[in-house]
Amino acid sequence: MDFDAYPAAVYHKCISRNYKKTMVVDRIAFEYQNRVLIEKIKVSTPFKYEAIFQNRGCFIYFKEKGPKLLSADTNTQVAGREAVLLKCGSHFLDLLKQTDGEEIEVIVVHLYPEFLKELYIKELPALLEKRGTSKQSQVVASTDVISKFIDSLDFYFQNPMLVNDDLLELKIKELILLLVQSKNIGSIQELVTDLYSTRAIQLKEVIKLHLFSDLKMEQLAKLCNLSLSSFKREFKKEFNDSPASYIIGKRLEKAKELLRITDLSISEIAYETGFQDPLYFTRLFKNKIGAAPSAYRKENSL
C-alpha cells in the first residue's frame, strides 16, 4: 500500500501527517535509505485502495476489520487481526460500505527484493531455493507471535526517536522469521519465491474470478497487466463479445437464478451480482429481461 501520493514531512526516520479531508486520516512511516519501509495508516471507511506493487511485495496487517482483497488470482475477505502477504502486481483493497464512518488502523511493511538481498546476503542461495509456489497472495491468520510483533511496532510509532536503520533491519528480519514459523507460510524459500516470481496472468481466469466483483473496466485491465484498449481487444478475441456486454449478461443470468431459487431481497441480489446501485440494477434488469426483478421472481419462483 503506497501512500507516497500523500506528501508528508520527514522528521528523523518518521513521517506523520493528519489527512482529515481524505480517506487517509493519519499516517506515520519509517524510512530506510529514503524509502518508506514500515508505516501505520488510519483510514476512514468506506475505503477502496488500488495497491500496485510492480517492484516489491507487501505485508499488510489489519487491526480491527479487514477488507475484501481483489487481485489477478485472489478474491477473498480478510478478517480483523489478519494480514495479507501481497506479491508483485495489482491489488484492490475494499473496506465495505457496512463499516461506513469507522476508522481502521493498518500496519504496512514493504518488502523490497534488493533490500532482502542485502539483509540476507550470506543466506541468499538458500532463500531463493524453490520449494514449491503458491498461486495466490496469502492471508496470514492471526497468531500470538504476529500480534506481539505488531504491538512492538506500535511502541516505536509512539517513540519514533528510538528508530534507526539498524533497528528497522532487525524488525524486518523478525517479521520474516515469524512468517516462516506461522502455519500459513511453510518456508522462507516459498515466501521469497511467491513474492518475486513472475507468472503469466490469464485474462479468462481474472474474468471468472471477478465476474461479480465491484470492479470497473480499467481495474480489470490492470489486474490483467493490460492497457484498457489492449484489454478490450484481448477480451473480444477470448469471448467474442465486448467486456461490458459479456459481464452484464453474466451478472443478469446470475441475478435471474438468485431470484428463482433464493429469498434474498432485490438489493441483496444486486450486491451479490456486482451492482452497487440497486435502483440501477432494477432499471437494467427490466430493460434487458423485459420485467422488473420482483415481477420476474413472482412468475418464475421454484
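This text walks through a predicted model of one protein chain, from its overall make-up to selected strands, helices and residues.

Start with the whole chain. It has twelve helices and twelve strands. The chain holds 302 residues, and 47% of them are buried. Its accessible surface comes to about 15600 Å². Carbon and sulfur atoms account for 51% of that surface. Now take the contacts in the chain with a separation of 6 or more. Of these, 66% join residues that lie 24 or more positions apart.

Turn next to the strands. Strand 3 covers residues 24-32. Eight of its nine residues are buried, so strand 3 is largely enclosed by the rest of the structure. Its partner is strand 4, residues 35-44. The two run antiparallel and share eight bridges. Within this pairing, Phe-30 stands opposite Ile-38 of strand 4. Strand 3 and strand 4 form a hairpin, with two residues between the strands. In this hairpin Gln-33 takes a positive phi near 50°.

Move along the chain to strand 6, residues 57-62. This strand is mostly covered, with six of its six residues buried. Look at its two faces in turn. On one side sit Gly-57, Phe-59 and Tyr-61, and all of them are buried. On the other side sit Cys-58, Ile-60 and Phe-62, again all buried. Both faces of strand 6 are therefore covered, since buried means under 20% relative accessible area.

Strand 6 also pairs with other strands. One partner is strand 11, residues 103-111. That pairing is antiparallel and spans six bridges. Here Ile-60 stands opposite Val-108 of strand 11. Another partner is strand 9, residues 82-86. This pairing is antiparallel as well, over five bridges. In it, Phe-62 stands opposite Glu-82 of strand 9.

Now to the helices. Two packed helices are described by the angle between their axes and the distance between the axes. Helix 6 spans residues 203-210, and helix 8 spans residues 228-239. They pack at an angle of about 90°, with their axes 10 Å apart. Helix 6 is therefore roughly perpendicular to helix 8. Which residues make the contact? Helix 6 supplies Leu-203, Lys-204 and Ile-207. Helix 8 supplies Phe-231, Glu-234, Phe-235, Glu-238 and Phe-239. Of the residues in this contact, five are nonpolar and three are charged. None is polar.

Two single residues close the walk. The first stop is Leu-167, in helix 4, residues 165-181. Is Leu-167 buried or exposed? Its relative accessible area is 14%. Buried means under 20%, so Leu-167 counts as buried. Leave aside its neighbours within four places in sequence, and Leu-167 is in contact with Tyr-156 and Leu-162. Tyr-156 and Leu-167 are eleven residues apart in sequence. From C-alpha to C-alpha, they are 10.0 Å apart in space.

The next stop is Ile-248, in helix 9, residues 243-261. Its relative accessibility is 23%. Partly exposed residues lie between the cut-offs of 20% and 50%, so Ile-248 counts as partly exposed. Finally, compare its place in sequence with its place in space. Ile-248 and Leu-211 are 37 residues apart along the chain. Their C-alpha atoms are separated by 9.1 Å.

Conventions:
Residues are numbered from 1 along each chain as its sequence is written. This is a predicted model: local features need pLDDT of at least 70, side-chain atom pairs count only at pLDDT 80 or more; totals for chains, interfaces and linings use all residues. Side-chain values use heavy atoms; hydrogens and water are left out. Axes are lines fitted to C-alpha atoms, for helices over the stretch in contact, and angles run from 0 to 180 degrees between N-to-C directions. Helices (H or I, at least four residues) and strands (E, at least two) are DSSP runs, numbered from the N terminus. Angles under 35 degrees count as roughly parallel, over 145 as roughly antiparallel, 65 to 115 as roughly perpendicular and the rest as oblique. Contact means heavy atoms within 4.5 Å. Ala, Val, Leu, Ile, Met, Phe, Trp, Tyr, Cys and Pro count as nonpolar, Asp, Glu, Lys and Arg as charged, and the others, Gly among them, as polar. Buried means under 20% relative accessible area, exposed over 50%, partly exposed in between (1.4 Å probe, protein chains only). Accessible areas come from the Shrake-Rupley method with a 1.4 Å probe; for residues, only the protein chains shown count as cover. Two strands pair if DSSP finds at least two bridges between them.
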